[in-house]
Amino acid sequence: MRRLLGLLRKTPAGDAAAPDAVRVLMVCMGNICRSPMAEGVLRARLQQAGLHTRVLVDSAGTHGYHTGEAPDPRAIRAAAQRSVDLASLRARPVQPEDFSRFHWLLAMDQANLDWLQSRLPEGAQPRLGLIMEYARRHAGVREVPDPYYGAAAGFEHVLDLVEDACDGLVARLSSERPAIPPEPQGRLKQST
């Protein structure tokens, strides 16, 4: 099953990550709306910043309701209007090894962060937090609301929040790694 999930996930062509890349996992409940939008936006922002081979991004859900499914068509449509492609992504649940494989696990809301914290294996040291901690223009907003049961406008709102948070996260990742050249020329030290 894990091998199948790995095959379903796709890194964009030409974006082979460095072996010591920083790894970021975006997390929501079902992995078909918020977390894949956050994954897609962060990938696009990292590409623009020239950090796409230095930071590996994935997304997962705290529940496996939609395992193997593409993101919600409304999410795909809204993201595509902002030049972010989600069509190749497939939902998967958070796996125990994600806590050791990823340096950052960023939840879309407090309930999913609590779920992650309750399953954090002893000795694991990823950074757990809310994605909105990195927002600048929406500084008072703590959570990304789930748009699944609402209208298409909810997906636009999610993208507004996620874009803001991803811009802040890219700035944070850049500041923590000031020696990162814009092109893949050197090796990075692995951070935790």
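Here are a few notes on this predicted model, point by point.

1. Start with the overall layout. The chain has 6 helices and 4 strands. Walking from the N terminus, you meet them in the order α-β-α-β-α-α-β-α-β-α.

2. Next, how much is tucked away? Of the 192 residues in the chain, 51% are buried. The accessible surface comes to about 9,200 Å², and carbon and sulfur atoms account for 52% of that.

3. Now look at who touches whom. Take the contacts between residues at least 6 apart in sequence: 73% of these join residues at least 24 apart.

4. Have a good look at helix α3 (residues 73-80) and helix α6 (residues 152-176), whose axes come within 9 Å and cross at roughly 55°. That angle is neither under 35 degrees nor within 65 to 115, so α3 and α6 count as oblique to each other. The crossing of α3 past α6 is right-handed. On the α3 side, the contact is made by Arg74, Ala75, Ala78 and Ala79, while α6 brings in Phe155, Glu156 and Leu159.

5. Finally, check the confidence before you trust the details. The average pLDDT of the chain is 87, and 83% of the residues score at least 70. Residues 1-15, though, have pLDDT below 50, and the model gives this stretch 28 contacts beyond near neighbours in sequence. For residues 178-192 the pLDDT stays under 50 too, with 28 contacts beyond four places in sequence. Where pLDDT is low, don't read the predicted coordinates in detail.

Technical notes: Residues numbered from 1 in each chain as written. Predicted model: local features only at pLDDT ≥ 70, side-chain atom pairs only at ≥ 80, totals over all residues. Heavy atoms only, no water. Helix = DSSP H or I, 4+ residues; strand = E, 2+ residues; numbered from the N terminus. Buried < 20%, exposed > 50% of the residue type's maximum accessible area, 1.4 Å probe, protein only. Contact = heavy atoms within 4.5 Å. Areas by Shrake-Rupley, 256 points an atom, 1.4 Å probe, with all protein chains shown as cover. pLDDT = per-residue confidence, 0-100. Axes fitted to C-alpha atoms, helices over the stretch in contact; angles between N-to-C directions. Parallel < 35°, antiparallel > 145°, perpendicular 65-115°, else oblique. Left-handed = near helix turned anticlockwise from the far one by under 90°.
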